[in-house]
Amino acid sequence: MAVNMEKLNAFVGKFVGDLGAAVHSGTVVIGEKPGLCEGLAESPAELRRAGWTGMDVARCMGKRPDLFLRCQRAIAAAVLSCVLLAPSPSYSERMPHHDDRVVLELSALGKRGETIVRAREQVLDILQQGNACTAWFQQADPDPAEVFRSLHFELEMGEPRYVYGMRDSERGQILKHPWGAKSIENGGPNSTVLLNASGPFFKRTSVVMQLDPRGVLAWPDGNRPLTVSSYDGNTPEAQITILLHELGHITGRLPEDDDSWDGRSSRNTSEVLRHCKAETRAAARHRPRGSI
């Protein structure tokens, strides 16, 4: 918001005039101290040592128009500073928003950052609407969209990068895909989501590394598509589901899971999709406006 200088000058003039009237109305005749009024502009410290009060100074202002003008200018400067520096809605509106800050962080991650921005905006499209998915998250936090908007994102560039396979005497061949993302349970606003650069958020396939019954790495066994529930890896549906899954942990809507063979993470994903599958499919069909 621009400052209207004409209105500001009028306000300052009235303020100074009212202040001067108030000062003079409160003064009393205390007798003139010869020579001190003349030295006021040059040696204010001497006047303070001489025991001069504010009323003495005010009386001298009436005798020295130039001194009064200096005081007037000082007051005007103080008022102007208050007007310009006082908090206002327009100042708050110019402060960096969560979106601006997070998108700026993600822009430093190149193509992967662009992918995260797109998926992030698609999740926000879901959470900013009244739907079954949002209502489910609201059971844990009244404003899940604002919590999600505040989240930071980082990349895990190392392991895990493989699908691990192991033969079980009862269940036969079982597979464990590389994890897609991690976050802190009940982390709340401003938490960080760690995305696996080699996981299903970014990759469609991975090498299968077969393990022996003791869990020791044995040999590569071809490639396998990565999936998130029924969705192929590196698709909008998979990416949206992964981010909603992590929001479930951050808000405490989902119980804690880990990168184990027990299937808890997959069960949590199924719970997310039980409430959010229709919204996930609809959001995946639309490219968000905020993509970089």
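Which element supplies the largest share of the lining of the largest pocket? The answer is α11, with 5 residues. This report works from a predicted model.

## The largest pocket

The largest pocket holds about 820 Å³ of space. Its lining is made of 33 residues. W179, G180, D258, S265 and S266 are the ones closest to the centre of the pocket.

Several elements give at least two residues each to this lining. They are the strands β3 (172-176), β4 (181-182) and β8 (227-228), together with the helices α10 (236-250) and α11 (264-284). What is the chemical make-up of the lining residues: how many are nonpolar, polar and charged? The lining has 10 nonpolar residues, 13 polar ones and 10 charged ones.

## The four-stranded sheet

One open sheet has 4 strands. Their order is β3-β2-β6-β7, and the pairing is mixed. The edges belong to β3 and β7 (217-225). Each of these has a single partner strand, so one side of each has no neighbour in the sheet. On average, neighbouring strands in this sheet are turned by 30° against each other, with direction ignored.

Now take the pairs across the sheet. Strands β3 and β2 are antiparallel, with 5 bridges between them. A hairpin of 3 residues joins β2 to β3. Next come β2 (residues 163-168) and β6 (residues 205-211), which pair in the parallel sense over 4 bridges. Then β6 and β7 pair in the antiparallel sense over 6 bridges. What holds paired strands together in a sheet? Strands pair through backbone hydrogen bonds, and the sense is either parallel or antiparallel.

## Following residues across the sheet

Single residues let you trace these pairings. Start at L175 in β3, the bridge partner of G165. G165 in turn stands opposite Q210 in β6. Q210 then stands opposite W219 in β7. Another link to β6 is the one between V163 and V208, which are bridge partners.

Is β6 mostly covered or mostly uncovered? Strand β6 is mostly covered, since 5 of its 7 residues are buried.

## The three-stranded sheet

A further open sheet has 3 strands. The order is β1-β5-β4, again with mixed pairing. Here β1 (152-156) and β4 stand at the edges. Each has a single partner strand, so one side of each is left without a neighbour in the sheet.

In which sense do β1 and β5 pair, parallel or antiparallel? Strand β1 and strand β5 (residues 192-196) pair in the parallel sense, over 5 bridges. One residue pair to look for is H152, which stands opposite T192 in β5. Strand β4 has a second role to note: β4 also supplies at least two residues to the lining of the largest pocket.

## Salt bridges

How many salt bridges are counted in the model? The count is 5. Three of them are described here.

E114 and K111 form one, with their closest N and O atoms 4.0 Å apart. That value sits right at the cut-off, because a salt bridge needs the nitrogen within 4 Å of the oxygen. Where do the two residues sit in the chain? E114 and K111 both lie in helix α7 (residues 110-127), 3 residues apart, so about one helical turn separates them. K111 is exposed, at 67% relative accessibility. E114 is partly exposed, at 30%.

R149 and E146 form another, with 3.4 Å between the closest N and O atoms. These two residues are also 3 residues apart, this time in helix α9 (residues 144-149), so about one helical turn lies between them. Why does R149 count as buried? R149 has a relative accessibility of 11%, and buried means under 20%. Its partner E146 counts as partly exposed, at 33%.

The side chains of D258 and R264 also meet in a salt bridge, at 2.9 Å from N to O. Both ends are partly exposed: D258 has a relative accessible area of 39%, and R264 has 33%. This salt bridge leads back to the pocket. D258 is one of the residues closest to the centre of the largest pocket. R264 falls within α11 (264-284), the helix that gives the largest share of the pocket lining.

Conventions: Residues numbered from 1 in each chain as written. Predicted model: local features only at pLDDT ≥ 70, side-chain atom pairs only at ≥ 80, totals over all residues. Heavy atoms only, no water. 1 Å grid on protein atoms, 1.4 Å probe; cavity = no way out; pocket = protein on both sides within 12 Å on 5 of 7 lines; lining within 4 Å. Points joined across faces, edges and corners; volume = space filled by probe spheres on them. Nonpolar A, V, L, I, M, F, W, Y, C, P; charged D, E, K, R; others polar. Buried < 20%, exposed > 50% of the residue type's maximum accessible area, 1.4 Å probe, protein only. Pairing = 2+ DSSP bridges. Axes fitted to C-alpha atoms, helices over the stretch in contact; angles between N-to-C directions.
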